[in-house]
Amino acid sequence: MTLQECVRKMRAQGEKESEIEAFTHLFQAFNSVKDDNWIREKDIEPLEKVPSIREIVVNKADPADLASTAFIKLNGGLGTSMGLRAPKSSLPVVEKNGEILSFLDVIVRQIQTSRQRLGIAFPLIFMDSVHTSSPTLKEIGKLGFSNPKGVPVEIMQNREPKILADGSPASWPKDPSLEWCPMGHGDIFNVLYTSGLLDLLLDKGIKYLFISNCDNLGARPSTKIASYFASLPASFMMEVARRTPSDVKGGQIVRDKFSGRLVLREMSQVSPEDMKFATDISRHMYFNTNNLWIKVKDLKERLEEENGNFDFPLIVNKKTVDPSDPSSTHVVQLETAMGSIISQFSASACLEVDRPRFLPVKTTEDLFVMRSNRFHLTNLYEMEDGDYHLPRVILDKRYYKNISDFDERIPFVPSLAAAASVKIEGDWSFGKKVSFFGNVLLEDNGKKNVVPDGSFVGDRGVESAH
């Protein structure tokens with residue numbers, strides 16, 4: 001009965017039948033979920049001997065392969081984990097020539113400069129949600145960006161009702177818009193199928209898709225990788241990176257012993273008994289960067305076989321109906337991960353990439369590093385750092401988790417050029433031209449603190465300005 005209630009709610013809101021079918025697919029998986037959805041260590045093998053971007057030989061990095069690629073950026077999120085109620089891609093992230101640029105600014109300029117430099121015109125398409133569509137299109141308009149004739153700059157992510165634990169639709173009269181959420185980024189393939197975009201792209205001569213997250217400015221155009229993927233017999237390729245102790249939570253790529261196929265194993269799919277294996281970075285060496293390459297024709301054929309809905313492992317995301325209010329009603333959001341598509345093809349591949357292609361911003365701690373002087377933006381709009389061995393940053397969540405609190409206390413990000421790690425406990429605000437060095441530690445002394453302009457901060461706290 002609860003599914004019928006959800007369907008009635010979706011129809012009352014004018015949702016498309018394709019959206020209702022996609023949600024029904026997720027809901028049925030939710031109803032059939034067993035006590036666990038473990039991918040057991042005994043049933044898989046670790047991924048080994050992945051080709052590295054440093055080692056692969058491409059006889060000719062042909063711009064024609066990049067010209068045959070459509071770039072798709074996932075842009076449906078509002079950055080609610082940072083207390084943001086605007087598109088995450090609108091966050092200011094870096095300064096260049098006195099201009100403050102957002103994620104969206106940098107992404108568009110990466111594409112524009114690559115087009116100009118190579119003399120090609122490949123499309124950039126954003127998968128937006130109802131929350132991000134209008135502000136994103138407005139910003140794109142300001143930047144004077146457009147795609148080759150007939151190719152849209154936007155596709156719309158499906159949305160679904162948030163549900164209670166029993167499957168009934170959640171209600172929040174204070175703000176009914178909060179009763180809805182996107183279906184998760186695994187939904188992109190259904191959207192590509194039902195929107196007709198795959199057929200349109202094929203008609204325009206597009207052979208490949210490169211899909212990545214808007215908050216990862218490392219996922220930029222690469223003629224070398226495009227030509228390498230074009231040369232492979234594989235239908236799908238995932239960019240993976242070496243795990244470090246900071247990447248323990250990242251989804252692992254493993255090989256299923258029975259089918260021989262590559263599989264994405266999220267940490268939520270690891271049983272408690274297997275956790276010691278899953279967190280061993282010498283055993284499971286690679287994680288998913290969510291930079292995905294797919295051959296359009298092969299994807300279309302597989303989606304036709306599955307009627308537009310892949311049977312991806314379900315992610316039951318437990319949240320509150322108002323993400324900014326932990327006391328609001330507890331709800332469930334049904335999602336899937338787009339990297340799960342790796343197991344949908346008999347021929348899938350992985351390519352090990354370096355950290356410059358994986359620079360995600362999921363928290364204000366990540367943003368702290370990205371806004372610092374560890375990075376500078378090149379004339380090709382690439383985020384560049386000397387060695388990409390970035391300092392680990394831990395900020396007191398009471399004072400820095402939400403972007404408004406973060407910006408209030410850290411209007412000027414201290415220099416991290418000489419910092420090995422940063423740990424800030426308590427309520428600290430920072431003046432201009434503060435420099436961190438070594439293993440920075442600021443302890444909670446139970447009061448508000450201000451680090452003066454020009455100060456140096458290390459493992460013994462604040463030193464006077466020199």
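Me: Over the ring of which residue does the charged end of R159 sit?
Reply: In this predicted model, the charged end of R159 is placed 4.1 Å from the centre of a ring. A charge counts as sitting over a ring when the Lys NZ or Arg CZ atom is within 6 Å of the ring centre and within 35 degrees of the ring normal. The ring beneath R159 belongs to W180.

Me: Which residue lies over the face of F229?
Reply: F229 is part of one aromatic cluster, together with F71, F122, Y208, F210 and W293. At 5.1 Å from the ring centre of F229, and over its face, lies K295.

Me: How many aromatic pairs does the structure hold, and what is the angle between the planes of F368 and F436?
Reply: The structure holds 15 aromatic pairs. One of them joins F368 and F436, whose centres are 6.3 Å apart. Planes under 30 degrees apart count as stacked, and this pair is stacked, with an angle between the planes of 20°.

Me: How many residues apart along the chain are F368 and F436?
Reply: F368 belongs to helix α11, which covers residues 364–370, while F436 belongs to strand β22, which covers residues 435–442. The pair therefore links distant parts of the chain, and F368 is buried with a relative accessible area of 0%, as is F436 with 2%. The separation of F368 and F436 along the chain is 68 residues.

Me: Is L201 buried or exposed?
Reply: L201 lies in helix α7, made up of residues 197–203, and beyond its neighbours up to four places away in sequence it touches A70, I125, V151, I206 and L209. Its relative accessibility is 0%, and because the limit for a buried residue is under 20%, L201 counts as buried.

Me: What distance separates the C-alpha atoms of L201 and K401?
Reply: Along the chain, L201 and K401 are 200 residues apart. In space, the distance between the C-alpha atoms of L201 and K401 is 40 Å.

Me: Which residues have the most contacts inside the largest nonpolar core?
Reply: The largest nonpolar core has 69 residues, and its largest share, 6 residues, comes from helix α4, residues 103–118. Apart from this core lies another of 39 residues, including L47 and I155. Within the largest core, the residues with the most contacts are M237, F430 and F436.

Me: Which aromatic residues are among the contacts of M237?
Reply: Leaving aside neighbours within four places in sequence, M237 is in contact with residues including I225, L232, N291 and C350. Its contacts also take in Y228, F229 and W293.

Notes. Residues numbered from 1 in each chain as written. Predicted model: local features only at pLDDT ≥ 70, side-chain atom pairs only at ≥ 80, totals over all residues. Heavy atoms only, no water. Phe/Tyr/Trp six-rings, centres within 6.5 Å; stacked < 30°, edge-to-face > 60°. Helix = DSSP H or I, 4+ residues; strand = E, 2+ residues; numbered from the N terminus. Buried < 20%, exposed > 50% of the residue type's maximum accessible area, 1.4 Å probe, protein only. Contact = heavy atoms within 4.5 Å. Core = buried A, V, L, I, M, F, W, Y, C linked by side-chain atoms within 4.5 Å.
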